[in-house]
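Dear colleague,

Please find below the structure that I am handing over to you. My findings follow directly after it.

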Amino acid sequence: MRSRTLPAALLLCATATVLPLLGPVAVAAQQPPADTDAPRIDLDPCPGSEPCQLEAAYVAGWLDEGDDLAVLGALLDGEPVGEHEYDDGSGFVPHGSFMAPGQDTIEPVDYAMVVGVPQGTHQVTFYARDLAGNESSRTTTVIGAEAPGRPQDLRAKARPRRGEVVVRWHGGAEPHGSPVHTYRVRHGGEDRTTQGWIPDSPRTQLVWDGLRPGWHTFRVRATNGRGEGRAARVRVYLRRP
């Protein structure tokens, strides 16, 4: 029994008809789906609720697995104030070491952006964009930091036998968006201070020694990153031992 074969011309015609039908379908099946997801990162600078009062607003953190970030930027009242490129198409480069405003610890992060906030009420916008052009953004109301308030609950206790007075202000001072780092106590024309290192607050007590019997007036002021606040005043009588 002899095998039957198609004529050469008919075989070429059939091949030319089948390949155009299969080619585009096969290529399309190999293409990945388009990226339509914007970067999923936290763009809220207010810890807790909005509005918040800050000397500097910031966002920082780590990317979720599978997420990508090309550009992180910020606007202050609609005007650009910063932008950082993390991926130009050749691969993601993390931010590296970062110390948040008001903190004293440094840690590595994938992304970070800091915006200084002047006094008054402002609109701070952070935005993130990936390589496909997808963008996420958030606009937050932020009040710029101010000088601290008066030290609260100021008291003075005399120690006649030692010739000294213990000055205490149990309530501290309202920081108004910037951590208090110094308290200045004035007696007459002399100043003495208690100091801390952010984020540790300075002591809210000072012992003033070398005093003579009689009336003594003490004024206490707090200082933060914006300046020195108003004074709280206390008067105490130191009797003879």
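Across the whole structure, which is a predicted model, a search finds 10 salt bridges. One of them joins Asp-153 to Arg-155, with the closest N and O atoms 3.0 Å apart. Asp-153 has a relative accessible area of 38% and is therefore classed as partly exposed.

A second salt bridge pairs Arg-184 with Asp-191, and here the closest N and O atoms are 3.1 Å apart. Asp-191 is partly exposed, at a relative accessible area of 31%. Both residues also belong to a network of salt bridges that links Arg-184, Arg-186, Asp-191 and Glu-228.

A third salt bridge runs between Asp-209 and Arg-192, whose closest N and O atoms are 3.2 Å apart. Asp-209 sits in the loop between β14 (205-208) and β15 (214-224), while Arg-192 is part of strand β13 (residues 190-195), so this pair ties together parts that are 17 residues apart in sequence. Asp-209 counts as partly exposed at 40% relative accessibility, and Arg-192 likewise counts as partly exposed at 23%.

Turning to the interior, the largest nonpolar core has 21 residues, and the members that touch the most others are Ile-41, Leu-72, Tyr-111, Val-124, Phe-126 and Val-142. Two or more residues of this core come from each of β1 (52-54), β2 (56-61), β3 (71-76), β7 (111-116) and β8 (121-129). Another core, of 18 residues, lies apart from it and includes Leu-154, Val-165, Trp-208 and Val-220. As for Ile-41, its contacts outside the neighbours within four places in sequence are Leu-63, Leu-72, Tyr-111 and Ala-128.

Gly-133 may also be of interest to you. This residue is found in the loop between β8 and β9 (135-144), and its relative accessible area of 45% makes it partly exposed. Gly-133 and Val-71 are separated by 62 residues in sequence, yet their C-alpha atoms are 9.6 Å apart in space.

Finally, a word on confidence. The mean pLDDT of the chain is 89, and 88% of its residues reach 70 or more. Residues 1-6, however, have a pLDDT below 50, and this stretch makes zero contacts in the model beyond near neighbours in sequence. Over residues 8-19 the pLDDT also stays under 50, and the model has one contact for them beyond four places in sequence.

With kind regards

How values were computed: Residues are numbered from 1 along each chain as its sequence is written. This is a predicted model: local features need pLDDT of at least 70, side-chain atom pairs count only at pLDDT 80 or more; totals for chains, interfaces and linings use all residues. Side-chain values use heavy atoms; hydrogens and water are left out. A nonpolar core is a set of buried Ala, Val, Leu, Ile, Met, Phe, Trp, Tyr and Cys residues joined through side-chain atoms within 4.5 Å. Buried means under 20% relative accessible area, exposed over 50%, partly exposed in between (1.4 Å probe, protein chains only). Helices (H or I, at least four residues) and strands (E, at least two) are DSSP runs, numbered from the N terminus. Contact means heavy atoms within 4.5 Å. pLDDT is the predictor's confidence in each residue, from 0 to 100. A salt bridge is a side-chain nitrogen of Lys or Arg within 4 Å of a carboxyl oxygen of Asp or Glu.
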